[in-house]
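Please open the structure in your viewer and keep the selection panel at hand. This tour moves from one selection to the next and says what is there each time.

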Amino acid sequence: MRPPAPLYHNRYIGPDVLSEPAVRLENVDLTLGSGAARVHVLRSVSLTVGSGETVGLVGPSGSGKTTLLMVVAGLERIDSGRIAIAGTDYAGLGEDELATFRGGNIGFVFQSFHLMQTMTALENVAVPLELAGVDAAFDRARDMLGRVGLGQRLSHYPAQMSGGEQQRVAIARALVVQPRLLIADEPTGNLDAATGGDIADLIFEAAAEQGTTLLLVTHDAALAGRCGHTVRMDSGRLVRHNGGAATAAALRSA
Ligand SMILES: Nc1ncnc2c1ncn2[C@@H]1O[C@H](COP(=O)(O)OP(=O)(O)O)[C@@H](O)[C@H]1O
Ligand SMILES: [Mg+2]
């Protein structure tokens, strides 16, 4: 991919941003649901991710991985503990401020793409730029789609594209604001192995080029092994923290 053109928009950049870790969670607790459906989803979770690091989050279904991503993205408020992204403590932000912070700093890629079905590829990618009040949103969206190899699919609707193409649109949408942090929840889970490999390449390439911190949930040991670090969740707790390759070997032997 070509290096991104500079993008100017309202990020929260404080004086301490460069020295602060990209992600800092301290003793985060969260219980969801009510009555018999109450689940203690996150149990005293602490995690520090340095700026530009790539972290794979693995663990069994239901262990709390998606919830942890939601918390990091500020889409779910925590019961207790502390969460700071690039030095910005979420406790100090109201809902509007949190939404603005998220829009300028965090890109989110889902397993099932989550594109707007009534919008073209170009419109889907332009949305976060328009929300951020960026000039020339469509020019930048077009450029980003070209960089993910979809220059010929600008006017296609999601239903007219393959799964791999839809995920490329979703990645373009997540990256177009040049987020400080890219969060991906099983981004290759709905794709065949070859397409999933291409999508993984794209994510790692883009993260490296933009200096983006990457937090990635995956069941794929090979994908986890590409991350610099891997953390494992079990029943709401982080239970292990390894270098990526070591954890990939452990997953294969499990
Ligand atoms: N809104 C909710 N209300 C009650 N329980 C929930 C809610 N959201 C998630 N859970 C429960 O929290 C646990 C963790 O869910 P999730 O974070 O989606 O796990 P994972 O992504 O690891 O599969 C699951 O047992 C799930 O049923
Ligand atoms: Mg999940």
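Two strands are said to pair if DSSP finds at least two bridges between them. The model on your screen is a predicted one, and the pairings below should be read with that in mind.

**The whole chain**

Begin by showing the entire protein chain as a cartoon, in which eight helices and ten strands make up the secondary structure. The chain has 254 residues, and 44% of them are buried. If you consider the contacts between residues at least 6 apart in sequence, 71% of these join residues that are at least 24 apart.

**Strand β3 and its partners**

Now select residues 54-58, which form strand β3. Is this strand enclosed or left open by the rest of the structure? Five of its five residues are buried, so β3 is largely enclosed by the rest of the structure. Both of its faces are covered, with T54, G56 and V58 buried on one side, and V55 and L57 buried on the other.

Next add residues 213-217, strand β8, which runs parallel to β3 and is joined to it by four bridges; within this pairing, G56 has L216 of β8 as its bridge partner. Then add residues 229-234, strand β9, which also pairs with β3 in the parallel sense, over four bridges, and there V58 has R232 of β9 as its bridge partner. In general, the strands of a sheet pair through backbone hydrogen bonds, in either a parallel or an antiparallel way.

**An open, antiparallel sheet**

For the antiparallel case, turn to the open sheet of four strands whose order is β2-β1-β4-β5. The strands at its edges are β2 (39-49) and β5 (88-89), and each has a single partner strand, so one side of each is left without a neighbour in the sheet. Select residues 65-72 as well, because the next element to look at is helix α1, which packs on the sheet and touches β1, β2 and β4, its direction making about 60 degrees with that of β2. Inside the sheet, β1 (residues 23-32) and β4 (residues 80-85) run antiparallel and are joined by five bridges, and L25 stands opposite I83 in β4.

**Around ligand 1**

Keep α1 visible and select ligand 1, which is surrounded by 13 residues, the closest being L32, G33, K65, T66 and T67. The elements that give two or more residues to this shell are β2 and α1, and α1 provides the largest share, three residues. Which classes of residue make up the shell? It has four nonpolar, eight polar and one charged residues.

**Helix α4**

Move on to residues 137-147, helix α4, where A137, R140, A141, M144, L145 and R147 are buried. When you look down the axis of α4, these buried residues fall within an arc of 155 degrees, so they line one face of the helix. Among the elements that cover them are α3 (121-131) and α5 (163-175). Just after α4, you can select G149, which takes a positive phi of about 85 degrees.

**A buried loop residue**

Finally, select Q178, which lies in the loop between α5 and β7 (181-185). Is Q178 buried or exposed? Q178 is buried, because 20 other C-beta atoms lie within 10 Å. To finish, draw a line from Q178 to G211: the two are 33 residues apart in sequence, and their C-alpha atoms are 9.3 Å apart in space.

Key. Residues are numbered from 1 along each chain as its sequence is written. Chains are lettered from A and ligands numbered from 1 in the order in which they are written. This is a predicted model: local features need pLDDT of at least 70, side-chain atom pairs count only at pLDDT 80 or more; totals for chains, interfaces and linings use all residues. Two residues are in contact if their C-beta atoms, placed from the backbone, lie within 7 Å. Axes are lines fitted to C-alpha atoms, for helices over the stretch in contact, and angles run from 0 to 180 degrees between N-to-C directions. A residue is buried if 20 or more other C-beta atoms lie within 10 Å of its own, exposed if 12 or fewer, and partly exposed in between; C-beta atoms are placed from the backbone. The arc is that of the directions from the helix axis to the C-beta atoms. A residue is near a molecule or strand if its C-beta atom, placed from the backbone, lies within 6 Å of it. Ala, Val, Leu, Ile, Met, Phe, Trp, Tyr, Cys and Pro count as nonpolar, Asp, Glu, Lys and Arg as charged, and the others, Gly among them, as polar.
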